[in-house]
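Trainee: I'm new to reading protein structures. Could you walk me through one, feature by feature?

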Amino acid sequence: MRKVLVLCLSAVLLAACGTPVVNPVTGRTERTVMDERAELAEGRKAHEGVLKEYGAYAHPALQAYVNEVGQRLAAQSHRAGLSWTFTVLDSPEINAFALPGGYVYITRGILAHMDNEAEMAGVLGHEIGHVTARHGAQRATRQQHAGLGVLAATLLGAVLENAAGVQGSTEFIGQAAQGVAAGYVAGYSREQELEADALGAEYLARTRYDPRRMIDVIRVLQRQETFQADEARAAGLPAPSASHWLSTHPGNDQRLRAIEQKALAYESSDRGGGDEGRRRFLKALEGLRYGDGPEQGLVRGQDFYHVPLGFALTAPPGWRLVNGSDALNIVSPQGDAALRLVGVPRDAGTTHDEMLRKLFNPQNGKTTRGQINGLAATHFSGTARLPNGQSQGVDVTLVSGPKNATYALLYLAASADALQRQAAGMMAAEKSFRALSAADRQQARPWQIRTVALPAGGFAELARRAAVSRERLQLINGTYGQADPPAGRLVKTVVVE
């Protein structure tokens with residue numbers, strides 16, 4: 001799970017009265033704790049954190065393409081004088097966001113679900129609108145008045161929203177378990193979202209795209225929600241919470257009508273020459289990595305493979321694998337418990353006993369030594385002493401993995417009852433931890449997007465030689481729940497790299 005980036009405002013910026021500035025979109029004067037100079041400084045600082053957390057996607061041609069489209073839109077915005085930065089993030093998440101000062105991000109995950117350049121421009125235009133209307137600065141001012149003193153960037157909503165209570169202890173456990181609770185994502189107000197929609201449509205029209213593509217973007221992401229709900233229903237699981245761009249950009253009927261009314265108010269000529277830049281867009285996406293990248297491990301159904309670290313793990317049926325930059329969560333079907341795998345710092349000791357003492361400070365309990373698939377393992381269940389002197393329950397297994405690395409498998413639950421109820425599933429996941437086999441390595445090859453002509457048999461035929469299902473092919477091509485396009489149309493498929 002991705003950590004939510006927080007921009008800490010300096011004491012100077014938190015002066016009670018704020019500074020009067022003129023909003024470049026409305027022309028009205030508003031008092032703010034973040035003038036343009038502060039916006040630039042905070043955005044620059046946060047940009048470094050975003051790149052560290054996600055990483056820029058290593059595809060210079062795609063980065064240049066997205067930047068070119070973004071710069072054209074920004075040049076037609078109300079703040080054309082800003083030094084705008086557009087970055088494709090190396091993340092499978094379906095997300096886009098902006099930071100104060102002109103920093104706009106779009107993930108490779110959301111690009112894979114777009115159909116043409118105009119739709120991508122709609123996403124970028126919306127995020128540009130948040131910056132030009134100074135929505136981040138407005139939110140910071142509201143939060144300062146409420147005494148919060150922080151500005152949260154609009155990142156992806158947390159994947160795991162339950163299991164907030166933790167059976168664990170010590171600072172190490174607290175850090176490792178913080179992702180189990182829902183991440184704090186400060187959403188924009190409905191008025192701000194509607195304003196960003198309207199500005200996105202305006203910037204599309206000014207840049208000679210059809211502003212109605214703003215509507216298509218929302219519908220693309222609504223299909224993603226439907227797909228996820230259908231997958232969960234087929235597996236007998238509850239529908240997952242929204243965890244993508246639409247989760248912080250609610251797409252109700254009123255909002256869609258507002259977008260449509262605004263879009264229809266503009267006369268526009270399509271810069272894409274009648275195809276909305278579709279061929280350019282598909283060409284730019286050729287070879288785009290789809291899904292997880294091998295650097296942080298790959299999820300394939302119920303299996304997790306980490307080739308660089310040399311291990312694999314399998315989740316029990318119905319459990320979800322939630323992969324993040326600093327941990328792997330294996331989450332119960334009810335969302336009330338999770339087995340969390342984290343790496344043990346190399347300076348924590350040379351033996352399992354040393355690591356337990358340094359990281360967990362155990363007081364009373366039982367220590368069991370053994371092996372998991374030939375790898376040395378030690379399980380501790382009991383109480384540990386927190387730095388503040390209080391005691392707390394902890395269940396953890398240390399396992400010596402490949403390449404001289406040690407991992408902690410933390411048993412986390414919302415309550416003692418949930419821990420007991422889900423213990424068997426967590427133990428099954430733990431016992432699946434293994435060194436990568438030759439078969440595992442074969443399954444751990446990454447996927448990429450390719451463009452092909454749709455065969456006569458439609459997506460059902462295409463899926464026979466694709467790495468993903470017919471339904472997922474329909475999803476990334478914007479036809480999920482609809483009839484297939486005619487044979488011969490260029491479509492995206494997913495193949496093994």
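Trainee: Let me begin with a single residue: does N404 count as buried or exposed?

Mentor: Keep in mind that this is a predicted model. To sort a residue, look at its relative accessible area: over 50% is exposed and under 20% is buried. N404 has 72% relative accessibility, so it counts as exposed. You'll find N404 in the loop between strand 17 (391-400) and strand 18.

Trainee: What else should I notice about the backbone there?

Mentor: Check the phi angle. N404 has a positive phi of about 60 degrees, although it is not a glycine. R208 is another non-glycine residue with a positive phi, about 70 degrees in its case.

Trainee: Where does R208 sit, and how exposed is R208?

Mentor: R208 lies in the loop between helix 7 (190-206) and helix 8 (213-234). Its relative accessible area is 44%, which makes R208 partly exposed.

Trainee: And which class does Q63 fall into, buried or exposed?

Mentor: Use the cut-off again: under 20% means buried. Q63 has a relative accessible area of 17%, so Q63 is buried. Q63 belongs to helix 2 (residues 60-75). Setting aside neighbours within four places in sequence, Q63 is in contact with A56, Y57, F86, T87 and V88.

Trainee: Okay, let's zoom out. How many helices and strands does the protein have?

Mentor: There are 15 helices and 21 strands. The protein has 497 residues, and 54% of them count as buried. Its accessible surface comes to about 20,700 Å², with 50% of that belonging to carbon and sulfur atoms.

Trainee: How do I tell whether contacts link parts that lie far apart in the sequence?

Mentor: Look at the separation along the chain. Among contacts with a separation of 6 or more, 67% are between residues 24 or more positions apart. For a close-up, try H379 in strand 16 (residues 375-385). H379 and V396 are 17 residues apart in sequence, yet their C-alpha atoms are 5.7 Å apart in space. Not counting residues up to four places away in sequence, H379 touches K366, T367, T368, D395, V396, T397, Y411 and E430.

Trainee: What about the inside? Which residues have the most contacts within the largest nonpolar core?

Mentor: Here's the general idea: in soluble globular proteins, nonpolar side chains tend to be buried together. In this model, the largest nonpolar core has 59 residues, and L62, V66, I106, L111, M120 and L124 have the most contacts inside it. Helix 4 (residues 117-132) supplies the largest share of this core, with 7 residues. A second, separate core has 25 residues, including A337, A405, L419 and A429.

Trainee: Can we follow one core residue, I106?

Mentor: Sure. Leaving aside neighbours within four places in sequence, I106 is in contact with residues including V66, L111, M120 and L124. T87 and V88 are also among the contacts of I106, and both are in contact with Q63 as well.

Trainee: Last one: how do I describe a pocket?

Mentor: Give its volume, then its lining. The second largest pocket has a volume of about 430 Å³. Its lining is made by 26 residues, and L309, G343, V344, T406 and Y407 lie nearest its centre. Strand 10 (303-306), strand 14 (337-343) and strand 18 (406-413) are the elements that each give two or more residues to that lining. Strand 14 gives the most, with 3 residues.

Trainee: And what classes of residue line that second largest pocket?

Mentor: The lining has 14 nonpolar, 9 polar and 3 charged residues.

Methods. Residues are numbered from 1 along each chain as its sequence is written. This is a predicted model: local features need pLDDT of at least 70, side-chain atom pairs count only at pLDDT 80 or more; totals for chains, interfaces and linings use all residues. Side-chain values use heavy atoms; hydrogens and water are left out. On a 1 Å grid over the protein atoms alone, a cavity is a set of points where a 1.4 Å probe fits but cannot get out, and a pocket is an open set with protein on both sides within 12 Å along at least five of seven lines; lining residues have an atom within 4 Å of a point. Grid points are joined across faces, edges and corners, and a volume is the space filled by probe spheres set on the points. Helices (H or I, at least four residues) and strands (E, at least two) are DSSP runs, numbered from the N terminus. Ala, Val, Leu, Ile, Met, Phe, Trp, Tyr, Cys and Pro count as nonpolar, Asp, Glu, Lys and Arg as charged, and the others, Gly among them, as polar. Buried means under 20% relative accessible area, exposed over 50%, partly exposed in between (1.4 Å probe, protein chains only). Contact means heavy atoms within 4.5 Å. Accessible areas come from the Shrake-Rupley method with a 1.4 Å probe; for residues, only the protein chains shown count as cover. A nonpolar core is a set of buried Ala, Val, Leu, Ile, Met, Phe, Trp, Tyr and Cys residues joined through side-chain atoms within 4.5 Å.
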